[in-house]
Amino acid sequence: MEIVMKKYHEKDDRYRKARKRFDKIKAFYLHVLIYLSITLTIIFINLKFSPEVQWFWYSVIGGGIPLLIHACKIYLYNDYWEERKIQKILKEEDNEQIQQ
């Protein structure tokens, strides 16, 4: 692992960006695992002890919203999206300067 890290670390910062992205995805998968384990436990408790009232939906939704936000941050609005948006803004500014 150290040999690979030294090889990429010395060449450029692509390794650091890839590592950062990997760490974010890994944290998201951990978030999913924790959400599923807690939610399944709550569903079991609810259906075992008071099946006439399904109150587990509150925790499913309450925990699902932050999970959905986390997923959007990882897969939709990530560093690549930011970079594309910055490039688009810079290109628009260049076009405005050329027209003036």
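Here is a walk through this chain, from its overall layout down to a few individual side chains.

Keep in mind from the start that this is a predicted model. The fold is quick to describe: the secondary structure comes to four helices and zero strands, so if you read along the sequence you get α-α-α-α. The chain has 100 residues, and 14% of them count as buried. As for surface, about 8700 Å² is exposed, with carbon and sulfur atoms supplying 65% of that area. If you look at contacts between residues at least 6 apart in sequence, 59% join residues at least 24 apart.

Let's start in helix α2, which runs over 14–49. A search of the whole structure turns up one salt bridge, and the partners are R19 and D23, whose side chains meet at 3.5 Å, N to O. R19 and D23 sit about one helical turn from each other, because they are four residues apart in helix α2. What about their exposure? R19 is partly exposed, at 33% relative accessibility, and D23 is also partly exposed, with a relative accessible area of 35%.

Further along the sequence is F28, and here the aromatic side chains come into play. The chain has four aromatic pairs by the ring-centre rule. One of them joins F28 and Y29, a tilted pair with 6.0 Å centre to centre and 45° between the planes. The label follows from that angle, because tilted covers whatever falls between the under 30 degrees of stacked and the over 60 of edge-to-face. F28 itself has a relative accessible area of 9%, so F28 is buried. Another of the pairs is F56 with W57, again tilted, at 4.7 Å centre to centre and 35° between the planes. The two partners there differ in cover: F56 counts as buried at 7% relative accessibility, whereas W57 counts as partly exposed at 45%. Going back to F28, you can also place this residue in an aromatic cluster, made of F28, Y29 and Y75.

F28 leads us across to helix α3, which spans 56–75. H70 lies in that helix, and once residues up to four places away in sequence are set aside, H70 touches K24, A27, F28 and H31. The C-alpha atoms of H70 and H31 are 8.5 Å apart, although their positions lie 39 residues apart along the chain when you count from one to the other. A second pair of positions makes a similar point: I38 is in helix α2, and the C-alpha atoms of I38 and S59 are separated by 9.0 Å with the two residues 21 apart along the chain. I38 is partly exposed, with a relative accessible area of 47%.

Now for the loops. Which loop holds S50? S50 sits in the one between α2 and α3. S50 has a relative accessible area of 17%, so this serine is buried, the cut-off being under 20%. Leaving out residues up to four places away in sequence, S50 touches I45 and W55.

Those two contacts take us to the surface, since I45 and W55 both belong to a nonpolar patch of about 710 Å², made by F44, I45, F49, V53, W55 and Y58. Helix α2 gives the most to this patch, with three residues. I45 is in helix α2 and is partly exposed, with a relative accessible area of 37%. That value makes I45 eligible for the patch, because patch residues need over 30% relative accessible area.

The last stop is N78, in the loop between α3 and α4, the latter covering 79–99. Is N78 buried or exposed? N78 counts as buried, at 11% relative accessibility. The N78 side chain reaches the backbone oxygen of I74 at 3.4 Å. Beyond neighbours within four places in sequence, N78 is in contact with R21 and K73. R21 falls within the 14–49 span of α2 and K73 within the 56–75 span of α3.

How values were computed: Residues numbered from 1 in each chain as written. Predicted model: local features only at pLDDT ≥ 70, side-chain atom pairs only at ≥ 80, totals over all residues. Heavy atoms only, no water. Phe/Tyr/Trp six-rings, centres within 6.5 Å; stacked < 30°, edge-to-face > 60°. Buried < 20%, exposed > 50% of the residue type's maximum accessible area, 1.4 Å probe, protein only. Helix = DSSP H or I, 4+ residues; strand = E, 2+ residues; numbered from the N terminus. Contact = heavy atoms within 4.5 Å. Patch = residues over 30% accessible without salt bridge, like charges linked within 9 Å, V, L, I, M, F, W, Y side chains within 5 Å. Areas by Shrake-Rupley, 256 points an atom, 1.4 Å probe, with all protein chains shown as cover. Salt bridge = Lys/Arg side-chain N within 4 Å of Asp/Glu carboxyl O. Polar contact = N/O pair within 3.5 Å; in protein donor to acceptor, adjacent residues only side chain to side chain.
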